[in-house]
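This briefing is meant to be read beside the sequence and the structure, for a reader who has not met either before. It begins with charged side chains and then moves outward to other topics.

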Amino acid sequence: MALPSLPALAASLLLAVALAFSRPSHPPIPTTLDGPFRPVTVPFDLSLRGNAVDLPDSDPRVLRRVKGFEPEQISLTLSSSYDSVWISWVTGEYQIGYKIKPLDPKSVKSVVRYGKLRYPQTHEATGYSLVYSQLYPFEGLQNYTSGIIHHVRLTVGEYWLVCGYVGLKPNTKYFYRCGDPSIPAMSDIYYFKTMPVPGPKSYPKRIAIVGDLGLTYNTTATVSHLTSNHPDLMLLIGDVTYANLYLTNGTGSDCYSCSFGDTPIHETYQPRWDYWGRFMQNLISRVPIMVVEGNHEVEEQVDNKTFVAYSSRFAFPSAESGSSSPFYYSFNVGGIHFIMLGAYTLFDRSSEQYRWLEQDLAEVDRSTTPWLVATWHPPWYSTYVAHYREAECMKLEMEELLYSYGVDIVFSGHVHAYERSNRVYNYTLDPCGPVHITIGDGGNREKMAIKHSDEPGQCPQPSDDEYLGMCATNFTSGPAAGKFCWDRQPDYSAFRESSFGHGILEVKNETWALWTWYRNQDSEDNVGDQIYIVREPDRCHVQQVVDSWPADL
C-alpha cells in the first residue's frame, strides 16, 4: 500500500493547521483520517415534534398569487456542465374533479429573457411545454390535470457565437424573466449564479443536501435554516411533496395504508405539488435544485403509469449526460462529479441504468473532477428499523462498481433520521470505501424514525419491496455472523440521531471537504454533526481517465 506523497501530505497538514487556528474557541473538527470512529447514538429528544403537520391549502405561502397565464412555481436546474441551466415554471391553473379538460400547452409560449444586467436583458431562449394528468379509472375518484409546465434551457446563443464564446460563463450572475411576452405574461426579474468551471481547484462554496422534505411546518424550519446557509446548489434526495399521503378529495393521513387501506388504488392529491412549487419558489428560483426520485413519487394511475408528476415538473440533465431517463443522470459542479441513481427503476447488471453508470464512471476524469459523489433514495447503510436493508438488491448489484471507481461520498434519504457511516464497503470498515450519509430528515409528515435495528427485540424481518426486491439475508461474517441484525450499533455506523434538519457540503480542495449537519431545533449557527471528509488518492487507487483540465475562464 502506497504512502501519501510528500506534497499531498504537506498540503493536508497545512490545511489542517490553518483550519484549527481559524477556530480557536471550538474543539478541533474531526477528519476521516482520525477514523474509524466508535459508534455514537444521540438519544431521541422527546420534546421534539416527532410528528409533523402539513401546511393547509389556506396557508398564504401555498396560495396562487399570479393572474391569468403569469408564471409561478419558478425553479432552476443545472445542466450537465457549468455553461447551461434549465428554467422551469407553470402557467395557468390546474383542474381537479370528475370532468376536467387539459389546457393546450401550445397556447402559451416558453420564453426566457436573460443577461448579465438587470436591464436590458439582451438574450432570449425558447423551450418546450407540456401538461400532465393524474387519472383514476375508478368511480368516485377525482382526476387532475396540471397547469402548463415550461422548461427552457439556457445554452448556446447566436450572440455568444459571434463573440467567440459558447454558453453561459462560469461563476457569473445572470438576471432573467420567464413567460410569454406576446400575451404579455412575464415574471418578475430573478437571478442565478452559474457554477464554477470544472477543475481540481474550482468549487462552489456550499451545497445543501436534504431528503424527504414534504411540506410541513417542520419543512418550513428546514428550508429557513437551509436558506440562511446561503447555498449555491441544493440536492433533494427523493420524496418531494408526499402528495400520495392524500386521497383525491384532499383528505390526508400520516400513514396512508393505516387510514386508507381499502382504496382500489393508491390515490394522490396532486395540488400538493402546486403548493410545494409555490412555497419553494423563493429559494429554487435562484438556487438550482437537483432532484432524484423516491418511493413517494411513484403515484400510480391509469394504464399503470407511474412517476408522471416527478418526470413532468422537473427538468433533468439526462440527455446531456447520456441518460435516457429522468431517474438517473450526472452533472459536474466545479471539481465534483455528481451521479444521481434511480432505485425505483431497473438497476441490475443487465439494465440500461447499470450500463449507463459504467460508461459515466469510465468517462470521469479525476484530474479534472477529483470528487465523486453519488446519491439515491434508499440507503444501503442505515441501522434504523425503518427500511432496514431494504435496498440490499441494489447494493449487491452496484456497490462493487462504485467502489472500484472510488466514490467518495454517498447521500441517501428514505429513513426519517440522520446517520453518518465510517468509511465502509460490503459491511466492512474500509479506508477506501465511501462515507454513507442518510439525510431523510427534511421534515415530512410521516413519523420520525426512532427505533434502531440493533436494540433488543427491534430486529425487523426482511421486507419485499415492489421496486427494490428482497435480497437481504443473515450476515455471513463479522460480529453479526449468522444474524440479520447486529446486537449493538454496527461498527460501520459512526453517528446517528433522530432529528429534523439538513446538511451542507463545503469542498475545500481536491482532497478535503467539510460536511456539516444542522438540526432544526438548534440556532442556525449550531451544528449537530461535523467532519472533514478527506480523500486519499495516493492510498486508494481507482479506475480513472487522465486528461488535462481547462484553465479558468
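R349 is partly exposed in this predicted model, with a relative accessible area of 42%,. R349 forms a salt bridge with E397, the closest N and O atoms being 3.5 Å apart, and this pair links distant parts of the chain, 48 residues apart. The chain as a whole holds eight helices and 27 strands.

**Salt bridges**

- In the pair just described, E397 belongs to helix α8 (residues 392-404), while R349 sits in the loop between β18 (336-340) and α7 (352-362).
- E397 is partly exposed because its relative accessible area is 22%, a value that falls between the limits of 20% and 50%.
- A salt bridge also connects E72 with R64, and here the closest N and O atoms are 3.8 Å apart.
- The two partners of that bridge fall into separate classes of exposure: E72 is buried, with a relative accessible area of 5%, whereas R64 counts as partly exposed at 22%.
- D522 and R519 meet through their side chains in a salt bridge with an N to O distance of 2.7 Å, and D522 is buried, with a relative accessible area of 15%.
- Salt bridges with shared partners also join D54, D254, R272 and R445 into one network.
- How many salt bridges does the count come to? The count comes to 25 salt bridges.
- As a general point, side chains of opposite charge can pair when their charged atoms come close.

**The chain as a whole**

- The chain contains eight helices and 27 strands, and its radius of gyration is 23 Å, close to the 24 Å that the globule rule gives for 553 residues, so the chain is as compact as a globular protein of that length.
- Along its principal axes, the C-alpha trace of the chain spans about 65 × 65 × 50 Å.
- Of the 553 residues in the chain, 58% are buried, and the accessible surface of the chain comes to about 22700 Å², with 53% of that surface belonging to carbon and sulfur atoms.
- When contacts between residues at least 6 apart in sequence are considered, 72% of them join residues at least 24 apart.
- The chain carries 44 positive and 62 negative charges, and the mean positions of these two sets are 7 Å apart.

**Two residues and their surroundings**

- T220 lies in helix α3 (residues 217-228) and is buried, because its relative accessible area of 14% is under the limit of 20%.
- Leaving aside residues up to four places away in sequence, T220 touches L55, R61 and F279.
- T220 and Y191 are 29 residues apart in sequence, and their C-alpha atoms are 22 Å apart in space.
- S129 lies in strand β7 (residues 128-130) and counts as partly exposed, at 22% relative accessibility.
- Which residues does S129 touch, not counting residues up to four places away in sequence? S129 touches P105, K106, V108, S110, I148, I149 and H150.
- S129 and H26 are 103 residues apart in sequence and 52 Å apart in space, taken from C-alpha to C-alpha.

**Backbone features**

- The peptide bond from Y119 to P120 is cis, with omega near -15°, and P120 is found in the loop between β5 (111-115) and β6 (123-126).
- A cis peptide bond also joins I183 and P184, with omega about -5°, and P184 lies in the loop between β11 (173-180) and β12 (185-186).
- Q73 is not a glycine, yet it has a positive phi of about 55°; Q73 has its place in strand β2 (residues 72-78) and counts as buried, at 7% relative accessibility.
- E299, which is likewise a residue other than glycine, has a positive phi near 50°.
- E299 is found in the loop between β16 (289-291) and α6 (308-313), and at 3% relative accessibility E299 counts as buried.

Technical notes
Residues numbered from 1 in each chain as written. Predicted model: local features only at pLDDT ≥ 70, side-chain atom pairs only at ≥ 80, totals over all residues. Heavy atoms only, no water. Helix = DSSP H or I, 4+ residues; strand = E, 2+ residues; numbered from the N terminus. Buried < 20%, exposed > 50% of the residue type's maximum accessible area, 1.4 Å probe, protein only. Contact = heavy atoms within 4.5 Å. Rg over C-alpha atoms; globule rule 2.2 N^0.38 Å. Areas by Shrake-Rupley, 256 points an atom, 1.4 Å probe, with all protein chains shown as cover. Lys, Arg positive; Asp, Glu negative; His and termini not counted. Charge placed at Lys NZ, Arg CZ, Asp CG, Glu CD. Salt bridge = Lys/Arg side-chain N within 4 Å of Asp/Glu carboxyl O.
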